[in-house]
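Take a moment with the sequence and the model before reading on. The walk below starts from a single residue pair and widens to the whole assembly.

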Amino acid sequence: MPNSEPKVNAADNLSLGRRGFLAAGAGAFLCSIGGQNILVEKAGDAAKADAAAARVKKPAGAKSRLASKTPGASPVDQLTFTTPEPQPGGKVVEYWLQARVASWDIVPSRPRRDFWHGMAVAGPTSFRAFVYQPMTEGFAAEAGPAEIPGPTLECEVGDVIRVHVLNALPDKYAQAITMHPHGVRYTPEYDGAYMGDFTRAGGYIGPGESFTYTWEALPESVGAWSYHDHGPNHTLNTMRGLFGAIIVHPRGSARPDLSKVLFLHSLAPPTTGLQRVFQCINGRSYAGNTPTIEAKVGQEIAIYAIGMDDAFHDFHIHGHRWRKDGGSVSTDNQTVGPAETITVRFTEDNPGRWLYHCHVMSHQDNGMAGFYLVKP
Amino acid sequence: MPNSEPKVNAADNLSLGRRGFLAAGAGAFLCSIGGQNILVEKAGDAAKADAAAARVKKPAGAKSRLASKTPGASPVDQLTFTTPEPQPGGKVVEYWLQARVASWDIVPSRPRRDFWHGMAVAGPTSFRAFVYQPMTEGFAAEAGPAEIPGPTLECEVGDVIRVHVLNALPDKYAQAITMHPHGVRYTPEYDGAYMGDFTRAGGYIGPGESFTYTWEALPESVGAWSYHDHGPNHTLNTMRGLFGAIIVHPRGSARPDLSKVLFLHSLAPPTTGLQRVFQCINGRSYAGNTPTIEAKVGQEIAIYAIGMDDAFHDFHIHGHRWRKDGGSVSTDNQTVGPAETITVRFTEDNPGRWLYHCHVMSHQDNGMAGFYLVKP
Amino acid sequence: MPNSEPKVNAADNLSLGRRGFLAAGAGAFLCSIGGQNILVEKAGDAAKADAAAARVKKPAGAKSRLASKTPGASPVDQLTFTTPEPQPGGKVVEYWLQARVASWDIVPSRPRRDFWHGMAVAGPTSFRAFVYQPMTEGFAAEAGPAEIPGPTLECEVGDVIRVHVLNALPDKYAQAITMHPHGVRYTPEYDGAYMGDFTRAGGYIGPGESFTYTWEALPESVGAWSYHDHGPNHTLNTMRGLFGAIIVHPRGSARPDLSKVLFLHSLAPPTTGLQRVFQCINGRSYAGNTPTIEAKVGQEIAIYAIGMDDAFHDFHIHGHRWRKDGGSVSTDNQTVGPAETITVRFTEDNPGRWLYHCHVMSHQDNGMAGFYLVKP
């Protein structure tokens, strides 16, 4: 993963800079953190949000005496929960992940290039991302690269996913993080949401701490879902890259021949400190940098497009169609909202080089596009 | 319902003010009123829209000689319609509502508080809302509070809903209003839409006047729908709170144990005269002020999320999933467009304190979130 | 089709001008053209995009020696494809279309009028559109008007559509165009997408050139879809009007009694050079200018609403409901994303004059509304 900062074509970059920023949406967002509202709309604001997040202390917990006196406290805050086990025949699927910072290059090709248009892309394009990195057991060593998105967690119905999460953010960015999953079943202890005095165990993983989440894969969990930070600073941290996917397969089913998760999101100046907005797929901008998906005629294809910013997107693949939400309507273009998944399933029958992209044209032209290559 | 205007933490408020405004969308909107286009983008503009609306005279009616000479007039404008009766076995469900102004507090807790983050919220948070208030027969007396949203109108398939609407706006805001329903069947007379010279009877209820709408609940009307003003100034008035819900149940069916309508909408400075945008659920911002929904394991739950502004939202509940549009796809996050309803049905099986919120993060962090409490 | 430029009510127009512009969205968009990013945010920028597009030379083609040395080249770029023939019992449906400029009036009524509100609309309202115009065989003569949208291409499952497209843009606007279809099946040669060095035959139709696309109507192609420019300047050209619809019918099926395609899109100052944004349906703004649809009780109605800009819309018809995506949920208001189609099918049973409109109120009030007239 390249993380160098090569020389900048400043003029080119600036000509897109302010303007590309405006064209693609302000990229500003509001964060509620530890008793403060912080608007992140320019580079320095992220540091303010980090500072506010650093001041958020570990809550005493929903069952504490403090919480029971908190306005709005309820008997449900005193409930205790057991950690789920797999269903008969199911298994425990275990992951070790650390949340860390990593230099991340949005356009890693050199020279930087949009391979669709044969267009040079001006740098710099690297920023300090927050990512979930896969680790070996006990967080002993890195088990894979530090990437946007984090690793895809996969299991079958009846399994439980056990995810050990270590907060390995460096001092400069020290703050609590969590991991909140979509689609699976969890008790409040494993919700992974910071909730002030009502926070449960998994809702605050302080710097240097780790926590183990246990989630159940129900029959109605089948499909692809996102996970992401839901700690005190989760809006900014999610925008920065602290997200990934969960795929729950039906028990014992044949899996698709090709399965690909595509996060549709933006990386904007307030988040990156860079001079322009990038419209991204899996943290990358522009075809040839975004995932190039390679398939073969006859394969069963499953593409999961998931929104992961504040915008609505519209996912399109050239040369193919799918059943919208598995129903009777055929589509080749479907709306994807924030944290929403659309599932694109088809049997591959059309060889060649194809584009996939967001059909919001300003997103597409700002990098939210990629290649899909099909061999006969 | 608190409507006081306590002391303002101006610094805090202003720091969110212009910026929160920008972060959350301009909150500006355009109104076509009585031959004028009026852009409502700052506090004083609403008064201009009100003045324009006050000048809109009662149309002579689509069947009048005037209307028959209006460019674009059609023979369908001369049609007459009968008022529908209930189907065999059905009944008339009757409501009396008055449209009035009411002081409405977006964050009524004192001290004002976001109970999710334990965060203080700066005031003022009250504004002059327009609401439909339930009344006793003949508009004799108030039958319930003046709230955002108005009362939920409920019936079964085969019934007719008969709604008597009184325009009780005070002189300062004197203008015509209407009530336009979604989902049910109605003739043009009961459409409740102002249409200039083509306006039918229910399309203009002048100050001090009342009108009785009669709507049919068809089999395909099953579900939850919105009603809202569709008079000469309906864009502004709907933004101000002149809306509510209709629920049509299948005939004779068991009803859900818990049924809750949640309107997702914003209250912005041009509408409220306040200093910042609030992202709201049922007219309230921030968990603990927005509806706290209380359920119990084993209950059949029906939550209806309805968009009621110019934005697209994405409804999420922690710890739960539902069938998207009743089909085969399971989701926990679904797009909701303006005046669109999504239906969230599940059997409750997961006790604890949960968050529900819009997954557009700037909406969530700006108040569009609430608590869902489930007892074992 | 009126294309005069009558006298301007400047004051009225300007009062909406900058403000209507802001209210309805900036209307700015980013174009990647021939190695450049060009932000189209004001009138002069379109000329810059045109100049950049004029400089894009015809690619040597994906199978050329040049392309095989292009970074990212793949064996799939060397594949050859055969032109499809109809399925047994199917036929070839042939169209001749020329891409040309045409003066297009967004509000053609005189005096300009919003027939819903009886409101005068200030001019000018004409601009230089790019459109696909139907021609007779061999492009011998015009076979219909030059309109937004282009002609609807209709066929049945098993047919092939053969579209001959002539680039008849005048010297001032000389640049390559294409035609990219949704929904139907095509090989890369007939994708109609400019892809730099990877461009296939149909991905660049230079000034004065023509190309013949051959597309297959599969069973899963049933429904309505858009076609639009996907050449080097496709974002701007699509915004300007270079789009239309394809309808694929089931083989041998009875067709709906009334079938209507409605494109929901905007025409903004950066595209038109006019002083304000217009929210449009089929290139027109304001009821009475937008399509007035005329139906009769008992008819089978099919309305296809297709998004064709960068915004999300929400399609509503008064007095009617339909099954969302043909499923079990009834709706009268449905989200439509860019290049997405929603299908509104019902049996007409409700006579009168009805409104249809986008339920994003600023879109509706800015012209995205029309009349639906139903005779008994």
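Which residue of β23(B) does B:Y356 stand opposite? The partner of B:Y356 in β23(B) is B:G370. This is a predicted model, so every pairing described here is a feature of the prediction.

The strands around that pair come next. β22(B) and β23(B) run antiparallel and share six bridges. β22(B) also pairs with β17(B), again in the antiparallel sense, over three bridges. There, B:F315 has B:C358 of β22(B) as its bridge partner.

How covered is β22(B)? Seven of its seven residues are buried. In a regular strand the side chains alternate between the two faces of the sheet. In β22(B), both faces are covered. One side carries B:G352, B:W354, B:Y356 and B:C358. The other carries B:R353, B:L355 and B:H357. The buried set thus takes in an arginine and a histidine, B:R353 and B:H357, along with B:W354 and B:L355.

A helix of chain B offers another view of burial. Helix α2 of chain B covers residues 43-54. Its buried residues are B:D45, B:A46, B:A49, B:D50, B:A52, B:A53 and B:A54. An α-helix has 3.6 residues a turn, so residues three or four places apart point the same way. Which elements do the buried residues of α2(B) pack against? They meet two strands, β1 (29-33) and β2 (36-40), and two helices, α4 (234-240) and α5 (269-272), of chain B.

Now turn to chain A and its overall build. Its secondary structure comes to six helices and 23 strands. The radius of gyration is 21 Å, close to the 21 Å that the globule rule gives for 376 residues, so chain A is as compact as a globular protein of that length. Its C-alpha trace spans about 60 × 50 × 40 Å along the principal axes. Buried residues make up 63% of the chain's 376 residues. Of the contacts in chain A between residues at least 6 apart in sequence, 71% join residues at least 24 apart.

Two open sheets of chain A are worth tracing. One has four strands in the order β6-β3-β8-β10, with mixed pairing. Its edges are β6 (126-135) and β10 (210-216), each pairing on one side only. Neighbouring strands are turned by 25 degrees against each other on average, direction ignored. Within this sheet, β3 (residues 92-105) runs antiparallel to β6(A), and 10 bridges join them. A:A99 stands opposite A:Y132 of β6(A).

The other sheet also has four strands and mixed pairing, in the order β14-β13-β16-β21. Here β14 (278-281) and β21 (341-347) are the edge strands, pairing on one side only. The average turn between neighbouring strands is 20 degrees, direction ignored. β16 (residues 300-307) and β21(A) are antiparallel over seven bridges. A:I301 has A:F346 as its bridge partner in β21(A).

Next, the contacts between chains. Where chain B meets chain A, 45 residues come from chain B and 44 from chain A. On the chain B side, the elements giving two or more residues include α1 (10-23), β17 (313-317), β22 (352-358) and β23 (369-375). The strands of the opening pair, β22 and β23, are thus also interface elements. α1(B) gives the most, with five residues. By class, this side of chain B has 17 nonpolar, 18 polar and 10 charged residues.

Chain C also touches chain A, with 42 residues from chain C and 45 residues from chain A. β1 (29-33) and β2 (36-40) of chain C each supply at least two residues to the chain C side. β1(C) gives the most, with four residues. The residues on this side divide into 18 nonpolar, 15 polar and nine charged.

What rotation superposes chain C on chain A? A rotation of 120 degrees does so, with 0.0 Å of shift along its axis and an RMSD of 0.0 Å. That is the relation of a three-fold axis. In chain C, the C-alpha nearest the axis belongs to C:G327, 4.2 Å from it. The copies use different surfaces: 7% of the contact residues of chain C recur in chain A.

Methods
Residues are numbered from 1 along each chain as its sequence is written. Chains are lettered from A and ligands numbered from 1 in the order in which they are written. This is a predicted model: local features need pLDDT of at least 70, side-chain atom pairs count only at pLDDT 80 or more; totals for chains, interfaces and linings use all residues. The radius of gyration is taken over C-alpha atoms; the globule rule is 2.2 Å times the number of residues to the power 0.38. A residue is buried if 20 or more other C-beta atoms lie within 10 Å of its own, exposed if 12 or fewer, and partly exposed in between; C-beta atoms are placed from the backbone. Ala, Val, Leu, Ile, Met, Phe, Trp, Tyr, Cys and Pro count as nonpolar, Asp, Glu, Lys and Arg as charged, and the others, Gly among them, as polar. Copies are superposed by least squares on the C-alpha atoms of residues with pLDDT of at least 70 in both. Two strands pair if DSSP finds at least two bridges between them. Axes are lines fitted to C-alpha atoms, for helices over the stretch in contact, and angles run from 0 to 180 degrees between N-to-C directions.
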